[in-house]
Amino acid sequence: EYEKAEKFFKKALRLDPNFARTYVGLAWSYNHAHDNDWGRSRQESLDKWFEASQKAVALDPEDGEAHMTLGWYYQYKSDFERARDEIGKALRLNPNNADVLVQASAVLPWLGMPEHAVEAAERAMRLNPLFPDWYYGPVREAYFYAHDFGKATSALERRKKRTFHDLVYASLCYAQLGRDQKTAAAVAELLRRDPDYSAEKFISDTG
């Protein structure tokens, strides 16, 4: 329901244009639009994501969630120094925010810190033991890039609603574990959903 979310965030901003968290929500909605190619060009979604993130940080520099959205943006742009700075600020400002921790766990591997990613993911799950299903996405990535393919697979298999990228990581994890039948099934499902999917496209999609 991306378009409805964007509509309601914009309505909230008309009611209170200085509330940083609304811009945080809007930034994440543009992030999802970019990743899934929803509604507009990916470049336009990327630009709007950056604009919303900057606005959130400007309105509340002490909000870790605002810095997290900006950190994710910089990681997508391969500006790893700025990404590391923003993610670090987010974690210092909100060290006990489970959502911030699990969001960090998806980015830290790309910043050369896979062990820190696992620590953040596991801390997030301890702080929020009844965490929502989407946590399994960042958790899966943290374990995968730390080369703990067993735990990455466990996270994938526990997820109730698998995304396309879950299937990508499932095929990679099963292959690393030598589970040939499951690898073949995951690859078959991937190609059923996108017959043109390739390693090059995976690299492009993941930054």
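# Helices, burial and contacts

Guide: The buried residues of helix α6 pack against α2 (20-36), α4 (64-76), α5 (80-93), α7 (114-127) and α8 (136-145). This is a predicted model, where local features need pLDDT of at least 70, side-chain atom pairs count only at pLDDT 80 or more, and totals for chains, interfaces and linings use all residues. Residues are numbered from 1 along each chain as its sequence is written, and side-chain values use heavy atoms, leaving out hydrogens and water.

Visitor: What makes a stretch a helix here, and where does the numbering begin?

Guide: Helices are DSSP runs of H or I with at least four residues, and they are numbered from the N terminus. Helix α6 covers residues 98-107.

Visitor: Why is S53 called buried or exposed?

Guide: Buried means under 20% relative accessible area, exposed means over 50%, and partly exposed lies in between (1.4 Å probe, protein chains only). S53 has a relative accessible area of 0%, so S53 is buried. This residue lies in helix α3 (residues 42-59).

Visitor: What does S53 contact, beyond its neighbours within four places in sequence?

Guide: A contact needs heavy atoms within 4.5 Å. By that rule S53 is in contact with A27, T69 and L70.

Visitor: Why is D133 called buried, exposed or partly exposed?

Guide: The relative accessible area of D133 is 23%, so D133 is partly exposed. D133 sits in the loop between α7 and α8. Leaving out residues up to four places away in sequence, D133 touches R158, R159, K160 and K161. The C-alpha atoms of D133 and F9 are separated by 23 Å, with their positions 124 residues apart along the chain.

Visitor: Why does E189 get its exposure label?

Guide: E189 has a relative accessible area of 23%, so E189 is partly exposed. Its place is in helix α11 (residues 180-193).

Visitor: How do you know that α6 is mostly covered?

Guide: Nine of the ten residues of α6 are buried. Among them are A98, V100, L101 and V102.

Visitor: What happens at the start of α6?

Guide: A side-chain oxygen of N97 reaches to within 3.0 Å of the backbone nitrogen of D99. A polar contact is a pair of N or O atoms within 3.5 Å; within protein, one must be able to donate a hydrogen and the other to accept it, and residues adjacent in sequence count only if both atoms are side-chain atoms.

Visitor: How many residues of α8 are buried?

Guide: Ten of its ten residues are buried. They include R140 and E141. Just after α8, H147 takes a positive phi of about 65 degrees.

Visitor: What makes the crossing of α7 and α8 left-handed or right-handed?

Guide: A crossing is left-handed if the near helix is turned anticlockwise from the far one by less than a right angle, and right-handed if clockwise. The crossing of α7 and α8 is left-handed. The contact is made by P114, A117, V118, A121, E122 and M125 of α7 and V139, A142, Y143 and Y145 of α8. By class, that contact has nine nonpolar, no polar and one charged residues. Here Ala, Val, Leu, Ile, Met, Phe, Trp, Tyr, Cys and Pro count as nonpolar, Asp, Glu, Lys and Arg as charged, and the others, Gly among them, as polar.

Visitor: At what angle do α9 and α10 pack?

Guide: Helix α9 (residues 149-158) and helix α10 (residues 164-176) pack at about 145 degrees, with their axes 9 Å apart. Axes are lines fitted to C-alpha atoms, for helices over the stretch in contact, and angles run from 0 to 180 degrees between N-to-C directions. The crossing of α9 and α10 is left-handed.

Visitor: Why is F149 called buried or exposed?

Guide: F149 has a relative accessible area of 14%, so F149 is buried. F149 is found in helix α9. Leaving aside its neighbours within four places in sequence, F149 is in contact with F144, C173, Q176 and L177.

Visitor: Why is D166 called buried or exposed?

Guide: D166 is at 0% relative accessibility, so D166 counts as buried. D166 lies in helix α10. Its side chain reaches the backbone nitrogen of T163 at 2.8 Å.

Visitor: What makes a set of residues a nonpolar core?

Guide: The members are buried Ala, Val, Leu, Ile, Met, Phe, Trp, Tyr and Cys residues joined through side-chain atoms within 4.5 Å. The largest nonpolar core has 54 residues, and W49, M68, W72, I87, L108 and F144 touch the most other members.

Technical notes
Helix = DSSP H or I, 4+ residues; strand = E, 2+ residues; numbered from the N terminus.
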